[in-house]
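Colleague: I'd like a close look at one part of this model, the surroundings of the ligand. Please start there and then follow the chain outwards.

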Amino acid sequence: MAATGSTAGAKAYYVSTPIYYVNDAPHLGHAYTTVAGDVLTRWHRQRGEKVWYLTGTDEHGQKIMRTAEANGVSPQEWCDRLVADAWKPLWEHLGIANDDFIRTTERRHTDRVREFVQALYDKGEIYPGGYEGPYCVGCEEYKLPGELLEGEGGEKLCPIHKRPVELLKEENYFFRLSEYGPRLLEHYEAHPEFIQPESARNEVVSFVRQGLTDLSISRSTFDWGIPVPWDERHVIYVWVDALLNYATAVGYGADAERFEGTFPADVHLVGKDILRFHAVIWPAMLMANGLPLPGKIAANGWLMVGGEKMSKSNLTGIKPQDLTSHFGVDAYRWYFLRAIAFGSDGSFSWEDFTARYTSELANDYGNLASRVAAMVGRYFGGTLPEAGTVGDAERALHEGLATAVAEADRRVGEELDFAGGIAAVFDFVKQVNGYLTEQEPWKVAKDTSPEARDRLATILYTAAESLRAIAVLLHPVMPSTSQALWESLGAAPALGELADQRVQDAGTWGRLPAGSTVTKGKVLFPRLEEPPA
Ligand code: MSP
């Protein structure tokens with residue numbers, strides 16, 4: 001974990017992932033959202049902004065309690081074990097630079113959740129009542145009868161987990177969610193960017209228009225949760241507890257300066273299955289307590305396997321580590337964002353990953369980097385020459401780069417269109433390859449006249465300078481590969497650390513100084529072994 005964020009001064013650009021249930025180890029679907037958030041926040045850090053990137057784990061509720069019981073340990077022991085052995089190590093392995101990791105069993109969270117809920121109770125926003133309905137433990141949510149599927153034996157199934165729901169009857173406490181419909185609709189109307197993509201926004205709007213029912217916010221049939229402060233026979237509903245992580249992790253009720261410098265989140269990244277919690281319940285909770293609403297709820301699609309949502313029980317055996325050991329961590333980070341339009345569902349296949357790796361990473365990008373370094377070595381002894389006369393071909397590249405920078409900055413930084421932003425950079429990679437193919441520096445090198453030397457210097461300088469910009473633009477997506485390229489270009493002595501390079505300035509031409517020492521460096525994208533059978 002690289003803690004690079006800070007909370008002093010202006011408000012930080014604050015991005016969160018969902019906090020994950022620790023009933024099992026993380027899978028590709030969890031890693032997908034966490035990598036997306038990492039790329040988004042690295043991008044903003046490289047714009048020079050103050051950033052706060054939060055992830056963590058959701059540790060209360062029946063689902064965790066039952067898993068711990070089945071494994072013969074206490075729920076706390078189970079959570080501690082999973083966090084330490086599975087969750088934190090995976091994020092470290094994937095190069096996730098989160099600024100904090102919140103666990104809902106921490107005192108900094110539990111104490112503040114009690115205060116928040118007590119404040120709502122004191123305002124009359126919470127009242128005692130009764131409820132009976134079908135409950136899915138997988139979702140930790142009461143379902144509406146109309147949403148359920150019918151199993152082969154006539155039993156009612158959760159539409160997401162395809163497992164039987166349980167009929168739950170409880171006396172518990174309710175939050176007056178039903179009263180917030182009109183204000184929520186007004187907010188969606190006034191802030192069309194609040195829910196992304198459009199399809200998700202439409203779904204939420206029509207759900208709220210149908211009318212909201214009050215939300216049961218406590219449970220009394222089990223005790224693995226945060227006790228309700230005014231009635232300790234109950235624990236707080238796990239979703240109310242979980243959503244509050246976004247506030248407690250940044251100092252809610254504990255550190256006013258930090259809280260004001262960070263909260264609310266600019267972007268909550270969520271899977272589409274947990275959209276309503278974030279776009280309906282969470283803003284209503286905030287409204288009820290007079291707190292500001294987040295800037296955007298961005299719903300991503302699901303990674304699918306064989307037409308089904310990839311899940312802990314439907315993994316087809318592929319773990320993130322199986323893919324990183326084959327393709328490398330950077331290619332892994334790149335692939336899912338490059339191949340799937342953010343917001344849509346996407347299927348994973350070894351064939352598609354292999355094809356894209358080979359054509360875009362190894363052939364287009366990796367070869368470009370190694371060819372340029374090799375030619376600077378061969379023709380100029382590894383010292384980057386000064387560019388001579390610049391012609392139309394070079395000017396076209398300067399323009400191509402300016403377009404790539406503007407597109408990538410808008411798409412990744414503003415629109416969360418990772419696939420589009422990455423594609424813009426790879427279009428430029430292709431353009432540089434095309435430039436070399438046309439200019440044929442290897443032929444120019446055969447001519448030893450001063451004009452030809454001048455031309456050769458211009459071509460190689462132009463290509464190396466293009467790579468300098470590519471390294472900067474791809475750094476948020478593929479940090480180690482960009483770092484290796486940065487070193488091979490000998491950029492650090494003149495330009496400083498790669499992480500300090502501004503993405504929006506990457507197109508300023510001529511930054512890499514002539515005289516830099518260019519070395520061959522390591523192969524960025526090695527040839528792949530045969531995939532495991
Ligand atoms: N604990 C709640 C979130 C609380 S946030 C205040 C939760 N946890 S989860 O572990 O079940 O799921 C976390 C996220 O993983 C959700 O956003 C969910 O959409 C996502 N994914 C689970 N399977 C997925 C795929 N197959 N593909 C993409 N994302 C998926 O819900």
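Modeller: I'll begin with the ligand, move on to the strands, and finish with a few spots elsewhere in the chain.

First, some ground rules. The model is predicted, so local features need pLDDT of at least 70 and side-chain atom pairs count only at pLDDT 80 or more, while totals for chains, interfaces and linings use all residues. Numbering runs from 1 along each chain as its sequence is written, and side-chain values use heavy atoms, with hydrogens and water left out.

Now the ligand. There are 24 residues around it, and D58, G271, D273, L303 and M310 come nearest (near means that a heavy atom of the residue lies within 4 Å). Sorted by class, this shell has 13 nonpolar, seven polar and four charged residues. For that count, Ala, Val, Leu, Ile, Met, Phe, Trp, Tyr, Cys and Pro are nonpolar, Asp, Glu, Lys and Arg are charged, and the others, Gly among them, are polar.

Some of the shell residues make polar contacts (N or O atoms paired within 3.5 Å; within protein, one must be able to donate a hydrogen and the other to accept it, and residues adjacent in sequence count only if both atoms are side-chain atoms). The side chain of H30 has an N or O atom 3.5 Å from a ligand oxygen. In the case of D58, a side-chain N or O atom sits 2.7 Å from a ligand nitrogen. L303 uses its backbone instead: an N or O atom there is 2.8 Å from a nitrogen of the ligand. Taken alone, the ligand exposes 670 Å², and the protein buries 96% of that (Shrake-Rupley areas with a 1.4 Å probe; for residues, only the protein chains shown count as cover). Two or more residues of the shell come from each of β2 (20-21), α1 (28-45), α7 (238-243), α8 (245-248) and β15. The top contributor is α7, with three residues. Helices here are DSSP runs of H or I with at least four residues, strands are E runs with at least two, and both are numbered from the N terminus.

β15 is a good thread to pull. Strand β15 covers residues 267-271 and runs parallel to β16, with five bridges joining them; two strands pair if DSSP finds at least two bridges between them. One of those links puts V270 opposite A299 of β16. Between the two strands comes helix α10 (residues 275-288), and β15, α10 and β16 together make a right-handed β-α-β unit. Right-handed means that, with the strands pointing away from the viewer, the path from the first strand over the helix to the second runs clockwise.

How covered is β16 (residues 296-300)? Five of its five residues are buried (under 20% relative accessible area; exposed is over 50%, partly exposed in between, with a 1.4 Å probe and protein chains only). K296, A298 and N300 fill one face, I297 and A299 the other, and both faces are covered. β16 also runs parallel to β10 (residues 195-196), joined by two bridges, where I195 is opposite I297.

Back to L303: it belongs to strand β17, residues 303-305, which runs antiparallel to β18 with two bridges. M304 has K309 of β18 as its bridge partner. These strands belong to an open, three-stranded sheet with mixed pairing, ordered β18-β17-β19. β18 (308-309) and β19 (346-347) are the edges with a single partner strand each, so one side of each has no neighbour in the sheet.

Another open sheet of three strands is antiparallel, ordered β12-β14-β13. Its edges are β12 (218-219) and β13 (227-228), and each has one side without a neighbour because it has a single partner strand. Two bridges tie β12 to β14 (residues 231-236), and R219 has V235 of β14 as a bridge partner.

Last, some other spots. Just before β19, D345 sits in the loop that follows α12 (329-339) and is partly exposed at 33%. Further along, Q439 is in helix α15 and counts as buried at 18%; its side chain makes a 3.0 Å polar contact with that of R455. E440 lies in the loop between α15 (418-439) and α16 (441-444) and is partly exposed at 27%. From E440 to K296, C-alpha to C-alpha, is 48 Å in space and 144 residues in sequence.
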